[in-house]
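Got your viewer open? Grab the mouse and let's go for a walk through this protein, one selection at a time.

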Amino acid sequence: MTYKPIDVEKLRSLGVPEEAIATMDPRDGGNITPQGEVLFLDEERMHSKENFDRPLRVNKPNGLGIRNALATTISKKISPEEAPPVKMFELMINGATWPDDSKKGKFYQWLMGFGNYGNTGSVVFPLNVDLSDEGATGVIPIDMVYSYLEEAEYIAILKMCVCRKAYECKDYPSDLGCIFLNTAGRLAVKNGIGEHVTVEQAKAHVQRAKSLGLAANADMVEIEQLIWGLRNDEMNDLRMICFCCPCCCIMYNISRNGSDDLRRKRFTSCGFTTTVNHDKCVGCHKCQSICPKHAITYREDGKCVIDQDSCFGCGFCKSEYEYGALTVKQTFPMRDSLNDYFVDVLRIDDGRPHSKVVKHEEDY
């Protein structure tokens with residue numbers, strides 16, 4: 001694995017002492033001290049998440065309506081509330097292990113919307129960031145989630161989390177469902193699997209997810225057209241905020257199984273990652289087993305190293321660790337709004353104006 005080299009001149013320009021620079025290890029990310037302190041927000045890392053070489057997603061025409069009819073038929077047969085699509089989920093997870101250049105792998109890439117075939121992806125917004133911990137910005141990820149809810153035309157909460165229901169989750173409640181926005185929300189209510197809610201009710205839902213230690217994910221999954229029954233000309237409005245657990249989340253499990261290219265380009269951070277204080281790390285290896293990204297390895301002395309280019313800041317490793325060595329901090333700049341992640345990272349545009357994120361004082 002290659003690591004970004006230390007930008008010594010950048011550190012010097014910030015007034016970092018030479019003796020401190022000498023102790024830094026490029027394996028920690030290039031802008032993080034051995035004690036886990038973030039010296040500067042890495043704009044280069046933020047830009048590495050952008051996919052401007054990929055065209056904005058353009059809705060397919062409805063045409064003869066064959067795909068629309070297929071999506072409607074399958075979504076009616078798959079009733080997530082009564083019989084979650086476990087077999088489809090298993091295909092989605094297992095298919096990530098198929099070689100990209102094999103016939104099965106190419107079919108999987110097309111079906112899922114990976115590779116050059118679509119815009120499937122996810123951006124993680126850790127909800128349990130402590131402003132005093134990260135100390136680099138007046139805005140934290142939950143602010144962006146709240147602002148996005150405030151801008152929505154319509155909000156629905158699914159009656160259950162399909163992933164946790166499908167796998168009979170023992171650690172997190174299945175009744176904490178995803179939030180669907182706009183067209184997707186209306187369709188969820190129409191199909192009887194979601195409930196129309198107010199902005200304040202949606203915020204309370206986010207707070208419940210936060211209290212349970214879950215992360216929020218802004219998702220777009222091409223294959224879910226078949227699960228929810230959206231038309232071709234509605235797919236750009238498939239806007240979901242999911243509250244994912246490390247055990248059952250389909251996207252996290254695909255990330256575990258998938259190639260390094262898939263993990264780095266399709267599942268990414270909003271600007272927050274986990275940092276490690278090597279003075280406190282005891283090398284217990286507990287954090288590695290729970291990481292959905294295989295982002296944690298170990299140095300020669302047994303202390304953990306977090307690949308900052310791969311980590312998406314879900315924070316589950318921190319919750320598993322008992323010695324206080326791990327902290328979720330802002331390590332590269334955030335974008336102006338949650339919608340910017342859909343446009344710049346996932347390359348999906350709904351054509352709506354979106355306001356700048358606002359700070360919600362009640363969270364601190």
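Here is a tour that starts with the whole chain and then goes from stop to stop.

**The whole chain**

Before you click anything, keep in mind that this is a predicted model. Show the chain as a cartoon: you are looking at 17 helices and 11 strands. The protein chain has 364 residues, and 57% of them are buried. Now switch on the surface. Its accessible area comes to about 15700 Å², with 52% of that belonging to carbon and sulfur atoms. How much of the contact network joins residues at least 24 apart? Among contacts between residues at least 6 apart in sequence, the share is 76%.

**Aromatic rings**

Next, colour Phe, Tyr and Trp. A search of the whole structure turns up nine aromatic pairs. Zoom in on one of them, Phe107 with Trp110: the ring centres are 5.9 Å apart and the planes make an angle of 40°, a tilted pair. Both residues sit in helix α6 (residues 103-112), three residues apart, or about one turn of the helix. Are these two buried or exposed? Phe107 has a relative accessible area of 44%, so it counts as partly exposed. Trp110, at 46%, is partly exposed as well.

Now select Phe114 and Phe267. This pair is edge-to-face, with 6.3 Å from centre to centre and 65° between the planes. Trace the backbone from one to the other and you will see that the pair links distant parts of the chain: Phe114 is in the loop between α6 and β1, Phe267 is in strand β7, and 153 residues separate them. Phe114 has a relative accessible area of 1%, so it is buried. Phe267 is buried too, because its value is just 2%. Add Trp98 and Tyr108 to your selection, and you have a cluster linked by ring pairs.

**Lysines over rings**

Still in a ring mood? Pick Lys10 and look for Phe40: the lysine lies over the face of that ring, 5.2 Å from its centre. Then jump to Lys203, which lies over the face of Tyr146 at 5.1 Å from the ring centre.

**Two crossing helices**

Go back to the cartoon and highlight helix α8 (residues 141-151) and helix α17 (residues 338-345). Their axes come within 8 Å and cross at roughly 95°. That angle falls between 65 and 115 degrees, so α8 and α17 are roughly perpendicular to each other. Which residues meet here? Show side chains for Met144, Val145 and Tyr148 on α8, and for Leu338, Asn339, Tyr341 and Phe342 on α17.

**A buried asparagine**

Select Asn31, in the loop between α2 and α3. With 0% relative accessibility, Asn31 counts as buried. Beyond its neighbours within four places in sequence, Asn31 has contacts that include Phe40, Arg45 and Thr331.

**Two positive phi angles**

Last stop: two residues that have a positive phi without being glycine. Glu168 has a phi of about 50° and is found in the loop between α9 and β3. At 57% relative accessibility, Glu168 is exposed. Now hop to Arg347, in the segment after α17, where phi is near 65°. Is Arg347 buried or exposed? Its relative accessibility is 9%, so Arg347 counts as buried.

Definitions and conventions:
Residues are numbered from 1 along each chain as its sequence is written. This is a predicted model: local features need pLDDT of at least 70, side-chain atom pairs count only at pLDDT 80 or more; totals for chains, interfaces and linings use all residues. Side-chain values use heavy atoms; hydrogens and water are left out. Helices (H or I, at least four residues) and strands (E, at least two) are DSSP runs, numbered from the N terminus. Buried means under 20% relative accessible area, exposed over 50%, partly exposed in between (1.4 Å probe, protein chains only). Contact means heavy atoms within 4.5 Å. Accessible areas come from the Shrake-Rupley method with a 1.4 Å probe; for residues, only the protein chains shown count as cover. Rings of Phe, Tyr and Trp (its six-membered ring) pair if their centres lie within 6.5 Å; planes under 30 degrees apart count as stacked, over 60 as edge-to-face and the rest as tilted. A charge sits over a ring if NZ of Lys or CZ of Arg is within 6 Å of the ring centre and within 35 degrees of the ring normal. Axes are lines fitted to C-alpha atoms, for helices over the stretch in contact, and angles run from 0 to 180 degrees between N-to-C directions. Angles under 35 degrees count as roughly parallel, over 145 as roughly antiparallel, 65 to 115 as roughly perpendicular and the rest as oblique.
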